[in-house]
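User: Please take a close look at a single strand in this structure. I would like its surroundings, its pairing and its contacts in one connected answer.

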Amino acid sequence: MLFLLSYQVKGNNEIASARIESCRGCRLNRLPEVKQFVFEDVPLFKNVEFKHIQGASPELVVLNAQDE
């Protein structure tokens, strides 16, 4: 599976980190490729973390150096 992320930087807001927010199972179990990516590949990336939020659908949050 290939993931492609495209973004537009406005001003001096460079991406400094990212966070994937999702439940650990219920929603991810319906998306096996995403679940595999989250638990096997995300730990290999620098400044990317997984945040468990009960019942949440998978969402990628990108942050600048000020965590905005």
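Analyst: What follows is a walk along strand β1 and its partners.

The model is predicted, so local features need pLDDT of at least 70, side-chain atom pairs count only at pLDDT 80 or more, and totals for chains, interfaces and linings use all residues. Residues are numbered from 1 along each chain as its sequence is written, and side-chain values use heavy atoms, with hydrogens and water left out.

Start with the setting. The protein chain has one helix and three strands. Here helices (H or I, at least four residues) and strands (E, at least two) are DSSP runs, numbered from the N terminus. From that end the order is β-α-β-β. The protein chain has 68 residues, and 24% of them count as buried. Buried means under 20% relative accessible area, exposed means over 50%, and partly exposed lies in between (1.4 Å probe, protein chains only).

Now the strand. β1 covers residues 17-22. Six of its six residues are buried, so β1 is largely enclosed by the rest of the structure. Ser17, Arg19 and Glu21 point one way. Ala18, Ile20 and Ser22 point the other way.

β1 has pairing partners in β2 and β3. Two strands pair if DSSP finds at least two bridges between them. With β2 (residues 48-52), β1 pairs in the parallel sense over five bridges. Ala18 stands opposite Val48 there. With β3, β1 runs antiparallel, and five bridges join the two. Ser17 has Leu63 as its bridge partner in β3.

Look next at Glu21, which sits in β1. Glu21 counts as buried because its relative accessible area is 13%. Arg19 is buried as well. The two form a salt bridge, with the closest N and O atoms 2.7 Å apart. A salt bridge is a side-chain nitrogen of Lys or Arg within 4 Å of a carboxyl oxygen of Asp or Glu. By this rule the count comes to one. The side chains of Glu21 and Arg19 are also joined by a polar contact of 2.7 Å. A polar contact is a pair of N or O atoms within 3.5 Å; within protein, one must be able to donate a hydrogen and the other to accept it, and residues adjacent in sequence count only if both atoms are side-chain atoms.

Glu21 has further neighbours. Leaving out residues up to four places away in sequence, Glu21 touches Lys51, Ile53, Ser57, Pro58, Glu59 and Val61. Contact means heavy atoms within 4.5 Å.

Ser22 is in β1 too. Its relative accessible area is 0%, so Ser22 is buried. Beyond its neighbours within four places in sequence, Ser22 is in contact with Leu28, Phe50, Lys51, His52, Ile53, Ala56, Ser57 and Pro58. Take His52 from that list. Ser22 and His52 lie 30 residues apart in sequence, yet their C-alpha atoms are 5.5 Å apart. Across the protein chain, residues 24 or more positions apart account for 80% of the contacts with a separation of 6 or more.

Last, the partner strand β3, residues 59-63, which holds Leu60. Leu60 counts as partly exposed because its relative accessibility is 43%. Together with Ile15 and Val62, Leu60 makes a nonpolar surface patch of about 210 Å².

Methods
Patch = residues over 30% accessible without salt bridge, like charges linked within 9 Å, V, L, I, M, F, W, Y side chains within 5 Å. Areas by Shrake-Rupley, 256 points an atom, 1.4 Å probe, with all protein chains shown as cover.
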